[in-house]
Amino acid sequence: MEQMTEYERKRLENVQRNQQMLAALRVHDTAEHLRSVSKKPKLETKGYKPPKRGKEPEPSVLRRSLRTRGISPESIGDLGSDSPPASSPAFPRTPRSARNGPLSLAETYVPYGEEASYDHYFNRLRELRDHAPLADLIRGKTDMGSEGRALVGPKFSPGNLKLEAKDIARLAPNRIFSVHILPCRERVIVASGDKEGHFSLWDADCEEGNGLHMYLPHSSPVSGIATAPFSAEKVFSCSYDGFVRCMDIEKEVFDMLYTNNRDNLLSAICCAPHGYQSVYFAEGYGEIKVLDLRVGGVSNSYELHEKRIYTIDFHPYNPHLVCTSSTDCTASIWDVRNMRKRQTKSIATVRHNKAVLSAYFSPSGNYLATTRNSVGNTGFDLSNPCI
């Protein structure tokens, strides 16, 4: 055995001294304890569960001669050619295209898992018409402040919110693009749209099954969902496929209200507060169009932003005020009475250094809440008092 050099002997002494120091400080025991604590059990969430995919067997290739297939050698041309034979055409995968016209709920329904029965769910939705909507409940208990602004209920405190496992559900098989809560007083009904055009309705208070029902009325991401403030029986949706559809619970159909033949994507939608006869939606780059349901077409269009509009929201008590958010890093408040085809002047504008993902009025209408892209997280701003 070779003798150690002076350097190797000092190195070994340092290693032994460090190990003794770590043992005296019980560093290894503490690290093992932290590893055991950090291993959290996986929570079982409700809602959509993707089917398990087994290993697909490799297809077996059967080689058959031209004689057994009844093909003459002359029909395949030159044997030295790289072109495929005429008897073996290629079948390219065609993308799913949008369908014009109304679609019944039955043909767009996507069954899966152990959800509640189809009839039971729609009976529950029809019962919503007999209950007072959330907007009426709020307005019935609203007092006006000294400055003429609405004051709704007790002061909201985000610190009192908490998230529990029973309140978590997977609503779609792909990334969710839009979420909307139906205006119901006695139940929590959540509508969502995902990347592939799925439209889901989740009854969070359902006791039979998981309360989730999913449909496929669109062929591209569902970018917006809206309902009238006083009605939950008609749910409007817009999509990147250029369609505006209305889920009519009474007729059990997805009506087609508007299409641009995929010329421009639709990025936001909102119902006018005075009724669901007018629907505002964003199309292309910075343009808002007004869909008049009485005539079945677009009545007006306004160019408000330089880039794409993400959200549209009306003031809860002043039907003439509407706010928009855009990728041009601004959130603006507009007066619908002063809107023009081009060069409309906003009442107020909030500017950020990143794209404004959303802008919504507070329930009292006194503040404008905005979310924006930032480094590593999303900012939330409630410091913008409304006009």
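How many bridges join β10 to strand β11? Keep that in mind as you start the tour; the model in your viewer is a predicted one.

**Stop one: the sheet.** Select β2, β13, β12, β11 and β10, in that order, and you have an open sheet of five strands with antiparallel pairing. Its edge strands are β2 (103–104) and β10 (222–227), each of which pairs on one side only.

**Stop two: β10 and its partner.** Now add residues 234–239, which make up β11: five bridges join this strand to β10, and the two run antiparallel. To see one contact up close, pick Val222, whose bridge partner in β11 is Ser239. Between β10 and β11 lie six residues, and the two strands form a hairpin. Is β10 buried or exposed? Six of its six residues are buried, so β10 is largely enclosed by the rest of the structure.

**Stop three: the salt bridges.** The structure holds seven of them, and here are some to visit.

- Select Lys289 and Glu283, whose side chains meet at 3.0 Å, N to O. Lys289 is buried at 16% relative accessible area, and Glu283 is buried at 4%.
- Go on to Asp292 and Arg294, a salt bridge at 3.1 Å, N to O. Here Asp292 is buried, with a relative accessible area of 12%, whereas Arg294 is exposed at 60%.
- Finish with Lys162 and Glu164, whose closest N and O atoms are 3.6 Å apart in their salt bridge. Lys162 counts as exposed because its relative accessibility is 68%, and the cut-off is over 50%. Glu164, at 30%, counts as partly exposed.

Notes:
Residues numbered from 1 in each chain as written. Predicted model: local features only at pLDDT ≥ 70, side-chain atom pairs only at ≥ 80, totals over all residues. Heavy atoms only, no water. Pairing = 2+ DSSP bridges. Helix = DSSP H or I, 4+ residues; strand = E, 2+ residues; numbered from the N terminus. Buried < 20%, exposed > 50% of the residue type's maximum accessible area, 1.4 Å probe, protein only. Salt bridge = Lys/Arg side-chain N within 4 Å of Asp/Glu carboxyl O.
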